[in-house]
Amino acid sequence: MNAAPGRNLRWLPLVVFGAIVALLAAGVWLSRDPDRDALPSPLIGKPAPAFELPVLHEPGRLVSSEQLRGAPYVLNVWGSWCPGCREEHGVLTRFAETRRVRVIGYNWKDEHADALRWLEQFGNPYWMVLVDYEGHSAIEWGIYGAPETFLVDADGIVRWKHVGPMTDDDVHGKLVPALEQLESR
C-alpha cells in the first residue's frame, strides 16, 4: 500500500533547510573576490570629464583638463579631512618620487587653509594640486569618496581607477602595469 500523503511532507522542512544552506554556501564562495566592493568606473576607456579648476598654491590660476593633455597623469582625489588619504600618503609620495608620471592632486571639498596646512605637515608629492571646493567637477568624474585615484593617458582618456587608499601592492600590481601598458602603445 501507498504511504500516507502527510508522511512524505515531513521531509519538506529538511529539504528547504538544505537548499538555504546551499545558497548561503554559494554566496560565501562567490564573495571571495577581494575587489567585490569596487564599483567599475564608467569612465574607463572614455575621455576624462572636462574641467577648469583653481590651483591650490595659485588661487587666481585656473587649469583645464585640456591643458593637462600631452602626457599621462595620475589624478589623486584627497582631502585634509580624509583618514584614508593620510593612510595612503606615504605610498603616493614614494610613487611620485619616481617621477615616472605627473601626479596631480585633486583636493576635494576642503578648506583652502586646511589643505595647505595638511600638505605642509605631511609633504606635497603632487606636481600640481587642483581644488574643487564645492565638488561640482567631482560629480562628472563619478567621485563618491576620497581617496580615489585615476590614470589618464596623454590623449585625456581614463585608463584606470582605484577607490580607497592605495597600498604599495596596488601601485606595483595595478598602477605600474597600467602605466606600462600606456608606454607600450
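How many salt bridges does the count come to? I get eight salt bridges. Worth noting up front: this is a predicted model, and I'm reading everything below from it.

**Entry 1: overall layout**

I started with the secondary structure, which comes to six helices and seven strands. Along the sequence I read the pattern as α-α-β-β-β-α-β-α-β-α-β-β-α. The protein has 185 residues, and 41% of them are buried. Then I checked contacts with a separation of 6 or more: 72% of these are between residues 24 or more positions apart. The accessible surface comes to about 11,100 Å², with carbon and sulfur atoms holding 57% of that.

**Entry 2: salt bridges**

I went through a few of the bridges one by one. Glu58 and Arg61 meet through their side chains at 3.1 Å, N to O. Arg61 has a relative accessible area of 35%, so I log Arg61 as partly exposed. Glu58 goes down as partly exposed too, because its value is 39%.

Next I looked at Asp168 and Arg94, another salt bridge at 3.1 Å, N to O. Asp168 is in helix H6 (residues 168-183) and Arg94 is in helix H3 (residues 83-97), so this pair ties together parts 74 residues apart in sequence. Asp168 is partly exposed at 34% relative accessible area, and Arg94 is partly exposed at 44%.

Back inside helix H6, Lys174 bridges to Asp170, with 3.5 Å between the closest N and O atoms. These two sit four residues apart in that helix, about one turn. Is Asp170 buried or exposed? It is buried, because its relative accessible area is 10% and the cut-off for buried is under 20%. Lys174 has 30%, so I put Lys174 down as partly exposed.

**Entry 3: aromatics**

I count six aromatic pairs. One of them is Trp78 with Tyr126, stacked, at 5.9 Å centre to centre and 10° between the planes. The pair links distant parts of the chain, 48 residues apart: Trp78 belongs to strand E3 (residues 73-78), while Tyr126 is in the loop between helix H4 (112-122) and strand E5 (128-132). Trp78 shows 0% relative accessibility, so Trp78 counts as buried. Tyr126 is buried as well, at 8%.

I also pulled up Trp141 and Phe150, an edge-to-face pair with centres 4.9 Å apart and 65° between the planes. Both Trp141 and Phe150 are buried.

Which residues form one aromatic cluster with Trp78 and Tyr126? Trp118 and Phe122 join them.

Still on rings, I found the charged end of Arg102 over the ring of Trp127, 5.1 Å from the ring centre.

**Entry 4: the nonpolar patch**

I then looked for nonpolar side chains on the surface. Leu9, Leu12, Val16, Ile20 and Leu24 make a nonpolar patch of about 490 Å². Which helix gives the largest share of the patch? Helix H2 (residues 12-30) does, with four residues. Ile20 lies in helix H2, and I list Ile20 as partly exposed because its relative accessibility is 45%.

**Entry 5: Ser64**

Last stop was Ser64, which lies in strand E2 (residues 58-64). Its relative accessible area is 13%, so Ser64 is buried. What does Ser64 touch, not counting residues up to four places away in sequence? I find Phe51 and Glu52.

Definitions and conventions:
Residues are numbered from 1 along each chain as its sequence is written. This is a predicted model: local features need pLDDT of at least 70, side-chain atom pairs count only at pLDDT 80 or more; totals for chains, interfaces and linings use all residues. Side-chain values use heavy atoms; hydrogens and water are left out. Patches are made of residues with over 30% relative accessible area and no salt bridge: like charges are joined within 9 Å, nonpolar side chains (Val, Leu, Ile, Met, Phe, Trp, Tyr) within 5 Å. Accessible areas come from the Shrake-Rupley method with a 1.4 Å probe; for residues, only the protein chains shown count as cover. A salt bridge is a side-chain nitrogen of Lys or Arg within 4 Å of a carboxyl oxygen of Asp or Glu. Buried means under 20% relative accessible area, exposed over 50%, partly exposed in between (1.4 Å probe, protein chains only). Rings of Phe, Tyr and Trp (its six-membered ring) pair if their centres lie within 6.5 Å; planes under 30 degrees apart count as stacked, over 60 as edge-to-face and the rest as tilted. A charge sits over a ring if NZ of Lys or CZ of Arg is within 6 Å of the ring centre and within 35 degrees of the ring normal. Contact means heavy atoms within 4.5 Å.
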